[in-house]
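Me: I'm new to this one, so could you walk me through it slowly? I'd like to begin with empty space inside and then look at a strand.

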Amino acid sequence: MHARSRLAGAVAALCVGTLTTACTTGGPDEPRNDPSKSTQSATPSTTPSNRPSPTGEPTRLTFGVFGNAEEIETWQTAVDSYNSVYGADVRLKSWPSWREADAAMRADRDVPDVFMLNQRNLSWYLEQELTQPVDELLDERGVNFGDDFSRDAMEGFSVGTSLACMPLSMSPRVVYVNTDLVDFATMRKRGLDVPSSMERWTFDQFAAAADFAAKPRRAIKGVYVDPTLDGLAPFILSGGGQVYDDTEEPTSLAFSSEESRAALERTLTVLRDAQLTPTQVDLADTTPQQMFMDGDLAMITGYRDLTPRLRQQEDLSFDVMPMPVLDSGATVGSLEGMCLDADTEDTAAAADFMAFALSESTLRGLARAGRTVPASVVVASSPDFLQSWEDPQNAAAFVAGMRNVERQPPGVDPDAVNRAVQPQLRELLTEPVLDLPSLTTEIDAASRRVLSPETATESPTE
């Protein structure tokens, strides 16, 4: 049984058990509100209690967030508004990225009363008992997340029949395309295989685009995919393979399985072609992102957080496409949520603030910053996120793509697994002579040092 199916069941149980409305199935709905009006659909229906401490002062709360400058400013505005309206004492603590926030919280073994978290780190915080479920607390405060938030995002933070954290944003891995280098109209005129729409394309069409865009004499390459689990997983999954040997309690990666090897064989015909993809020599003094921004690379894969940086590059025209399809649509995702400290001094006050912070006006402000894909269905289908006046024009692909996201197994630290197999993954894309059966077996064996250390010294079984 796939992890995605189990999570769907958990969300269904959560919807029946704690929510007053049915969960959405995900995907963009038509906007239900005038985007020019500031609304508060997720604001608590009851007035925050802000019970005073024994000194007569309101409970002091800390709110930990990460993001770009515009997002931090949006959060600060929400904090200032809450403090002003309710006489509260909420103080903002911020970091530039989720990695820095995670490192700081792990080092302190402490978390703010309310804090943002990237879903890939959730298992550690659950193991350390640093969070508490939020579904009943938010339901009591009138947060209508059954209808207004994507089911796909809800699945990512569901544990059993409860919601560990409230999803804020989500992003599937997609392909960023330099539209000056990948010109589908010209390709079509030349009789090349091109996608019929921006909603789906095959791996062969992806390969044709890379070949069309590559210009060896001008040192322009067609595509780059980073040698990481996030980079390679969409191709393996789309080709019928599996990243892990078990979707619930994995003991190793599954790169050496027959299906995964077959998917890699097809994928590597493009990703190992030195005429199409940057070599180590090409990347000696630059990065793939910089090559893309400079117009020396036609396609690169990534998440929504790459968008703001690309927009800063003058004379760069770009769009996004879903990950190419080998056999079926598949990708991986990045989710961010808002969590509640298990040891907060005043759970009710912290939950009051969390409900207020989920207001639609605040979520719209975050969407305008361009780094994230809103988990709010209303905001994700609004001009605040779609931003038709900006690249990428096909921003709806981020929302639609979440339906194809394969969740990582619960309890797995993907960063730790990735570090364990990083040398072998790099060899997979760069080794001059490739012995795929041997190398994929090495990858699986190396992953056991993290996933099942008690068996790491045993001979890998193909």
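Reply: A cavity here is a set of points, on a 1 Å grid over the protein atoms alone, where a 1.4 Å probe fits but cannot get out, and its lining residues have an atom within 4 Å of a point. This is a predicted model, in which local features need pLDDT of at least 70 and side-chain atom pairs count only at pLDDT 80 or more, while totals for chains, interfaces and linings use all residues. Residues are numbered from 1 along each chain as its sequence is written, and side-chain values use heavy atoms, with hydrogens and water left out.

Me: ok, how many cavities of 30 Å³ or more are there?
Reply: The structure holds 3 of them, and the second largest has a volume of about 100 Å³, a volume being the space filled by probe spheres set on the grid points, which are joined across faces, edges and corners.

Me: which residues lie nearest the centre of that second largest one?
Reply: Those are L168, S169, L363, L366 and T372, out of 14 lining residues. The elements giving two or more residues to this lining are α2 (69-86), β6 (166-172) and α15 (360-368), where helices (H or I, at least four residues) and strands (E, at least two) are DSSP runs numbered from the N terminus.

Me: switching topic, is strand β10 buried or exposed?
Reply: β10 (residues 318-322) is mostly covered, with 5 of its 5 residues buried, meaning under 20% relative accessible area with a 1.4 Å probe, protein chains only.

Me: and which way do its residues point?
Reply: F318, V320 and P322 point one way from β10, whereas D319 and M321 point the other way.

Definitions and conventions. On a 1 Å grid over the protein atoms alone, a cavity is a set of points where a 1.4 Å probe fits but cannot get out, and a pocket is an open set with protein on both sides within 12 Å along at least five of seven lines; lining residues have an atom within 4 Å of a point. Buried means under 20% relative accessible area, exposed over 50%, partly exposed in between (1.4 Å probe, protein chains only).
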